[in-house]
Amino acid sequence: MLSKRTVIGLVVGTAIIAIGGYSLLSHIGTITINEDFTVGVGDSMSYTIPAPSSTPQHMKIVGDTFDLKLQSPADGLQIPNTSYKKELSLDWVHLEDGETRIQIQNTGESELSITGKLIRSSDPIWFTFDLMVITSGMVIIGFSMGFTLRKPKGF
């Protein structure tokens with residue numbers, strides 16, 4: 001028969017393994033990110049979007065005036081440092097695996113509003129993190145099983 005501590009350890013360890021397994025499955029493949037943020041007056045921001053080939057990207061920038069520079073891998077969308085007014089809508093596709101680099105400088109009198117639907121590849125560090133969570137669940141189960149061992153007579 002299992003002790004109370006063993007049952008609690010089994011439940012907690014199984015829950016941690018399930019959470020790690022779900023997270024591992026969700027980090028496989030591409031990740032869709034819906035961006036919505038602002039850039040203050042005079043501020044700049046840069047973006048790096050690592051993505052596999054054939055992934056569509058969309059970004060919309062609304063503001064007074066701003067400068068934009070975009071470089072996509074291979075022969076994808078290439079925009080040299082150019083000034084824009086009011087609104088800009090960008091749609092492009094990654095033609096090969098690689099990173100798109102975007103630099104935006106707010107040169108206007110109001111904040112920039114940047115919204116987008118970006119599809120990026122998963123960061124490999126999450127795979128390692130998920131495996132560590134699963135391993136910690138196994139360790140908890142292992143320690144909790146130690147509570148069911150009976151000591152032989154004389155110890």
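In what order do the elements of the protein chain run from the N terminus on? In this predicted model, the order is α-β-β-β-β-β-β-α, so to put it in words, a helix opens the run, six strands follow, and a helix closes it. The tally for the protein chain is 2 helices and 6 strands. With a radius of gyration of 25 Å, the protein chain sits well over the 15 Å that the globule rule gives for 155 residues, so it is more spread out than a compact globule. Along the principal axes, the box filled by the C-alpha atoms comes to roughly 85 × 35 × 20 Å.

Now for the pair of helices. Two packed helices are described by the angle between their axes and the distance between the axes. Helix 1 covers residues 4-26 and helix 2 covers residues 124-145. Their axes come within 8 Å and cross at roughly 170 degrees. An angle over 145 degrees counts as roughly antiparallel, and helix 1 and helix 2 are therefore roughly antiparallel to each other. As for handedness, helix 1 and helix 2 make a left-handed crossing. Sorted by class, the residues in the contact of helix 1 with helix 2 are 12 nonpolar, 10 polar and 2 charged.

Back to the chain as a whole. Of the contacts in the protein chain with a separation of 6 or more, 78% are accounted for by residues 24 or more positions apart. Burial comes out at 31% of the 155 residues in the protein chain.

Note on methods: Residues are numbered from 1 along each chain as its sequence is written. This is a predicted model: local features need pLDDT of at least 70, side-chain atom pairs count only at pLDDT 80 or more; totals for chains, interfaces and linings use all residues. Side-chain values use heavy atoms; hydrogens and water are left out. Axes are lines fitted to C-alpha atoms, for helices over the stretch in contact, and angles run from 0 to 180 degrees between N-to-C directions. Helices (H or I, at least four residues) and strands (E, at least two) are DSSP runs, numbered from the N terminus. Angles under 35 degrees count as roughly parallel, over 145 as roughly antiparallel, 65 to 115 as roughly perpendicular and the rest as oblique. A crossing is left-handed if the near helix is turned anticlockwise from the far one by less than a right angle, and right-handed if clockwise. Ala, Val, Leu, Ile, Met, Phe, Trp, Tyr, Cys and Pro count as nonpolar, Asp, Glu, Lys and Arg as charged, and the others, Gly among them, as polar. The radius of gyration is taken over C-alpha atoms; the globule rule is 2.2 Å times the number of residues to the power 0.38. Buried means under 20% relative accessible area, exposed over 50%, partly exposed in between (1.4 Å probe, protein chains only). Contact means heavy atoms within 4.5 Å.
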